[in-house]
Amino acid sequence: MESIKIFAPATIANVSCGFDVLGLALDTVGDEMVIRKTSQKGIKITKIVGQDLPLETHKNVAGVAGLAFLSALNYDHGFEIEIYKNIKPGSGIGSSAASSAGAVWAMNELLGKPFNNTQLVQFAMEGERLASGVAHADNVAPALFGGFTLVRSTDPLEIVKIHTPDQLYATVIHPQIEVKTSDAREILKSTVLLKDAITQWANVGGLISGLYTEDYELIGRSLHDTIVEPIRSILIPAFDTVKRNSIKAGALGCGISGSGPSIFALSKGEETAEKVAASMKSVYKNVGIDFDIHVSKINQQGIKII
Ligand code: HSE
């Protein structure tokens with residue numbers, strides 16, 4: 001194979017209680033990319049469609065992730081990358097992660113898979129470092145592994161793929177305002193109260209257990225964030241109303257997607273997820289800010305060839 005076209009999914013990081021460690025991949029929204037082997041060394045971004053993003057390799061997250069991949073190999077040639085962006089930067093659904101993870105996944109395929117998924121996460125994290133100043137793995141891991149993932153450790157990197165119940169659906173509303181991950185991280189406190197930490201790790205355990213046992217009620221009871229959401233939600237217009245109405249419409253839980261401004265809800269079944277979408281829409285129509293809305297099954301596969 002000399003060239004491939006891929007789909008790289010959007011992702012929801014944190015999933016309420018799991019700041020920087022939990023994430024999941026979506027099915028119905030993502031970027032497309034074409035990656036081509038070239039005789040020239042290095043990475044060249046030849047085309048970006050859909051967003052105004054830098055073509056310079058060192059300033060582009062796919063370029064930087066690709067360079068990290070190449071630096072771990074003895075490879076005399078290089079790659080060209082075309083990016084078709086469907087995920088807006090600053091949306092909170094893993095725009096930089098999709099490009100970073102997509103680039104390294106495709107390059108790995110073209111070279112006959114010299115690296116495993118965990119190694120690819122490590123390379124893709126360099127794209128996240130460029131985008132937000134922090135090499136967090138909770139978006140690139142679900143993009144590469146599919147499903148729900150847990151970043152158990154970053155040094156050494158350990159990613160655990162978590163069982164995902166079949167009837168679990170996500171609804172995501174993306175208000176058309178930009179929240180930079182770096183800004184949304186800057187406003188967080190660097191210490192937490194022990195009582196809040198106790199609540200948080202109980203919920204992480206509850207959520208993981210609920211996912212494995214397909215106990216949707218337990219999943220719902222565990223989708224709470226006592227540490228980050230109270231601080232970041234002030235950046236998102238009508239967050240509390242969207243959350244309250246989503247739960248009323250039948251969602252298991254609702255929270256901030258990644259660093260926002262997108263808001264996600266998880267539901268059992270597509271019908272409920274659509275009802276939640278309708279309730280989110282009706283709130284935002286009154287807010288007067290444009291929005292996109294997505295209903296998606298959890299993507300079990302991660303990045304794929306299209
Ligand atoms: N865990 C990261 C954060 C995800 O919340 O800052 C950013 O998408």
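**View 1. Residues around the ligand in the predicted model.** The ligand is surrounded by Ala-13, Asn-14, Phe-19, Asp-20, His-136, Asp-138, Asn-139, Thr-181, Arg-185, Arg-232, Gly-258 and Ser-259, a residue being included if one of its heavy atoms lies within 4 Å. This shell comprises two nonpolar, six polar and four charged residues; Ala, Val, Leu, Ile, Met, Phe, Trp, Tyr, Cys and Pro count as nonpolar, Asp, Glu, Lys and Arg as charged, and the others, Gly among them, as polar. Residues are numbered from 1 along each chain as its sequence is written. In this predicted model, local features need pLDDT of at least 70 and side-chain atom pairs pLDDT 80 or more, totals for chains, interfaces and linings use all residues, and side-chain values use heavy atoms, without hydrogens and water.

**View 2. Polar contacts to the ligand.** Polar side-chain atoms of Asn-14 and Asn-139 lie 2.8 Å and 2.9 Å, respectively, from an oxygen atom of the ligand. A polar side-chain atom of Asp-138 is 2.6 Å from a ligand nitrogen atom. Such contacts are pairs of N or O atoms within 3.5 Å.

**View 3. The ligand between two domains.** Domain 1 (3-162) and domain 2 (168-297) both contribute residues to the shell, so the ligand lies between them; the bounds come from an automatic or database domain assignment. The domain centres, taken over C-alpha atoms, are 24 Å apart. Their contact (heavy atoms within 4.5 Å) takes 29 residues from domain 1 and 40 residues from domain 2.

Key
Polar contact = N/O pair within 3.5 Å; in protein donor to acceptor, adjacent residues only side chain to side chain.
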